[in-house]
Amino acid sequence: SPTLLSQLRLFYLKESGELSNPYSLVIRKVNVVLDSSDGAYFKYYLAPDDRPDERNLGGVNLDLVKQLYPLTLHGTYRYYHDDWGIDAHTLDSALFYELESGWRLTGGLRFYDQSEALFYKGHDQEDFYFDEQGYATADERLSAFSSVTYKLGAETPFYGDWKWRVNLATQHQTTGLDMSWLTLGVTYAL
């Protein structure tokens, strides 16, 4: 309609090659048997991150934009799945407010939730040692986590079709990572 826009997109991607992280290490555990009378003990050693050389992923995006002048509402839902065992859901919203002076104010909220990869173990887990064989990673980006992001911004024309833009955002993840960022930019409308 003149005030509502929606879009549904499906996506699929196949990655292949070296997908392991060469800068990440895991702790492997080997069961060592000396002889039948002494029993067994474990030996631990550092080993490189080891992931499959192929990854198939896909999902769906649903976008909605509704104009209620001077407000415009944006909403997006995204579902992601891959054959490493990760399922993720993203819900993103934004509100744009147009002022008569040419300023545009923005605000938004983003929720994200994902499950962990089949071969992930984190240091916070009780048994975070990997067997000698099999894929292994301790990369928190492949762990189960959730995050919430808050966004604020402003944009104003300053010369013809040129506009200044400033955005501030802060994010909290359940992994303990908290971050904030500020972006400044200039845009030109063709």
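Author: Contact means heavy atoms within 4.5 Å. Leaving aside neighbours within four places in sequence, L142 touches R51, R55, W84, I86, Q114, S115, E116, A117, F119, Y120 and T137 in this sense. The model is predicted: local features need pLDDT of at least 70, side-chain atom pairs count only at pLDDT 80 or more, and totals for chains, interfaces and linings use all residues. Residues are numbered from 1 along each chain as its sequence is written, and side-chain values use heavy atoms, without hydrogens and water.

Reader: What makes L142 part of the largest nonpolar core?

Author: A nonpolar core is a set of buried Ala, Val, Leu, Ile, Met, Phe, Trp, Tyr and Cys residues joined through side-chain atoms within 4.5 Å; buried means under 20% relative accessible area, exposed over 50%, partly exposed in between (1.4 Å probe, protein chains only). The largest such set has 12 residues, and L142 is one of them, with L19, L57, Y80, W84, I86, A88, Y112, A117, F119, Y120 and F145.

Reader: Is F158, in strand β9, buried, partly exposed or exposed, and why?

Author: The relative accessibility of F158 is 40%, so this residue counts as partly exposed. Beyond four places in sequence, F158 has contacts with K163, W164 and V186. F158 and T106 are 52 residues apart in sequence and 18 Å apart in space, C-alpha to C-alpha.

Reader: How do you know that β4 and β5 pair?

Author: Strands are DSSP E runs of at least two residues, numbered from the N terminus, and two of them pair if DSSP finds at least two bridges between them. β4 (54-68) and β5 (71-82) run antiparallel and are joined by 12 bridges. Therefore, by the rule of at least two bridges, they pair. N61, for example, has R78 in β5 as its bridge partner. The loop between β4 and β5 contains P70, and the peptide bond from Y69 to P70 is cis, with omega near 10°.

Reader: What makes β1 and β11 edge strands?

Author: Each of them, β1 (4-16) and β11 (178-188), pairs on one side only. The open sheet has eight strands with antiparallel pairing, in the order β1-β4-β5-β6-β7-β9-β10-β11.

Reader: Which residues are closest to the centre of the largest pocket?

Author: Of the 18 lining residues, F96, T106, K151, G153 and N167 are the closest to the centre. Elements giving two or more residues to the lining are β6 (87-98), β7 (104-114), β9 (145-159), β10 (162-173) and β11. A pocket is an open set of points on a 1 Å grid over the protein atoms alone, where a 1.4 Å probe fits, with protein on both sides within 12 Å along at least five of seven lines; lining residues have an atom within 4 Å of a point.

Terms used. Helices (H or I, at least four residues) and strands (E, at least two) are DSSP runs, numbered from the N terminus.
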